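Trainee: I've got a model open and I'd like to learn how to read its helices, cores and cavities. Can we walk through it together?
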Amino acid sequence: MPEQAPEERIKNFKEVTLGYSLEQARLEASRCLDCKKPRCVPRCPVEIDIPGFIRLLREGDVDEAYRVIALSSSLPSVCGRVCPQENQCEGGCILGIKGESVAIGNLERFVGDHASAQADIPERKPDAKKVAIVGAGPAGLACAADLAKLGYAVTVFEALHKEGGVLVYGIPEFRLPKEGVVAREVDAVRRLGVEFCLDEVVGRTVTVDELLDSRGFSAVFLGTGAGLPRFMNIPGENLNGVFSANEFLTRANLMHAYSDRYATPIYAGRKCVVVGGGNVAMDAVRTARRLGADASIVYRRSEQELPARAEEVRHAREEGIGFMMLTNPVRVIGNDKGEVTGIECISMELGEPDESGRRSPVPVEGSNFIVNCDTVIMALGTTPNPLIKQTTDGLDTDRRGCITASPEGATSRPGVFAGGDAVTGAATVILAMGAGRKAAAAIAGYIGGA
């Protein structure tokens with residue numbers, strides 16, 4: 001897919017990948033073998049009929065291809081951009097065994113961006129049963145869309161002033177445009193009859209118990225995500241210039257800190273160190289680079305263990321991002337004004353595999369060294385906010401604070417369902433959407449016909 005040149009894109013927040021033309025999309029679609037037993041579909045968490053939409057695209061029928069995708073996914077333009085297709089649908093493509101898989105994600109993105117078709121608006125009875133969705137992120141949007149298509153009266157309660165959850169606060173504009181992509185796909189969900197209530201902090205402005213007991217909702221779905229950042233608990237983390245990736249990206253993405261037109265500045269510093277190796281770390285370090293910082297990644301394992309998508313790592317390297325592998329911080333250093341001046345690190349070596357199967361990093365004694373910097377961003381993962389647990393009777397959580405739920409999304413509280421990062425911890429957009437769809441089916445079974 002065509003891309004902005006690295007020397008140009010580091011100066012702006014426009015999308016890096018530029019998308020296919022119709023001719024390019026049809027050419028790529030022509031590579032699909034249209035397998036009788038496609039291996040790509042079972043690898044898709046929302047089970048899109050991939051050969052079906054690709055066949056229609058190959059024939060040039062973009063609108064009908066969209067309708068096929070819309071049966072399973074309410075966010076094709078989003079998923080085409082941010083899903084880890086290489087580990088999911090494209091990872092199952094038979095062409096990938098000896099060559100290059102069909103670029104399913106790029107084709108889905110093209111269809112989502114260029115179709116003029118819309119999902120059919122369902123009929124709803126005046127006395128339709130009401131379902132509350134808590135959180136307007138990927139899980140909540142997928143659940144809301146499926147329930148609306150079944151004729152239920154769906155209301156989404158969102159704590160922020162904008163719909164989209166992690167799509168608007170966590171993923172940078174240069175990977176996922178907000179107005180051109182996210183807003184358009186949220187509007188498609190709204191057209192299904194879904195109502196959105198913004199600036200509603202469930203657990204504060206209203207509780208789950210109140211939604212069920214006095215607001216007339218027959219069921220509640222919790223798609224509240226995992227927005228509570230983790231820190232290393234090392235000396236100096238309270239210095240000025242230390243951020244969580246959540247705070248840094250939220251100010252940059254949702255609050256437009258990168259734009260002179262908004263009075264929400266953020267300090268990226270002259271030299272920025274981002275601690276972590278996942279997609280969030282890549283988003284943070286590439287954002288800092290665009291804000292003018294000399295930015296680097298510090299990661300305690302080797303490059304082979306980086307959990308970030310290979311494409312994001314490639315883009316970061318092209319943009320001049322430094323990588324300090326097998327390196328782990330032990331303290332943040334500051335001056336007498338309480339400002340970051342550096343970070344002390346220790347070299348690591350890989351030992352035995354941990355529970356995830358990756359080799360555990362072990363400190364190399366006496367290998368400490370100083371990295372000069374004036375900002376440090378901790379991108380170490382997230383956990384769910386405990387507010388919902390604290391304000392909902394009979395809702396069980398695990399030791400990580402994640403809501404305990406069945407594979408179908410049923411929780412310990414009757415009538416309350418959950419899915420996405422609130423259940424699994426931080427994961428991917430498409431896995432959250434898959435959980436939202438499963439929960440929608442389970443909710444329909446629980447409360448009966450609309």
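Trainee: Let's take helix α14. Which of its residues are buried?

Mentor: Keep in mind that this is a predicted model. Buried here means under 20% relative accessible area. In α14, which covers residues 310–318, that gives Glu-312, Val-313, His-315 and Ala-316.

Trainee: Why do they line one face of the helix?

Mentor: Look down the axis and check the spread of directions. For α14 the buried residues fall within an arc of 165°, so they line one face.

Trainee: And what do those buried residues pack against?

Mentor: Their partners are α1 (6–9), α13 (279–290) and β9 (322–324). Have a look just past the helix too: α14 is followed by Gly-320, with a positive phi near 85°.

Trainee: Now the cores. How many residues does the largest nonpolar core have?

Mentor: It has 74, and Ile-50 and Phe-53 have the most contacts inside it. Helix α17 (residues 429–447) supplies the largest share of this core, nine residues. There's also a second, separate core of 25 residues, with Ala-245, Ala-257, Ala-268 and Ala-308 among them.

Trainee: What does Ile-50 touch?

Mentor: Leaving out residues up to four places away in sequence, Ile-50 touches Cys-40, Val-41, Cys-44, Cys-89 and Ile-104.

Trainee: Last one, cavities. What is the volume of the largest cavity?

Mentor: About 130 Å³. Of the 15 residues lining this cavity, Cys-32, Cys-35, Cys-40, Cys-93 and Ile-94 are the closest to its centre. By class, the lining has 13 nonpolar residues, one polar and one charged. Helix α3 (residues 50–58) gives the most to that lining, with three residues.

Notes:
Residues numbered from 1 in each chain as written. Predicted model: local features only at pLDDT ≥ 70, side-chain atom pairs only at ≥ 80, totals over all residues. Heavy atoms only, no water. 1 Å grid on protein atoms, 1.4 Å probe; cavity = no way out; pocket = protein on both sides within 12 Å on 5 of 7 lines; lining within 4 Å. Points joined across faces, edges and corners; volume = space filled by probe spheres on them. Helix = DSSP H or I, 4+ residues; strand = E, 2+ residues; numbered from the N terminus. Nonpolar A, V, L, I, M, F, W, Y, C, P; charged D, E, K, R; others polar. Buried < 20%, exposed > 50% of the residue type's maximum accessible area, 1.4 Å probe, protein only. Arc of directions from axis to C-beta. Contact = heavy atoms within 4.5 Å. Core = buried A, V, L, I, M, F, W, Y, C linked by side-chain atoms within 4.5 Å.
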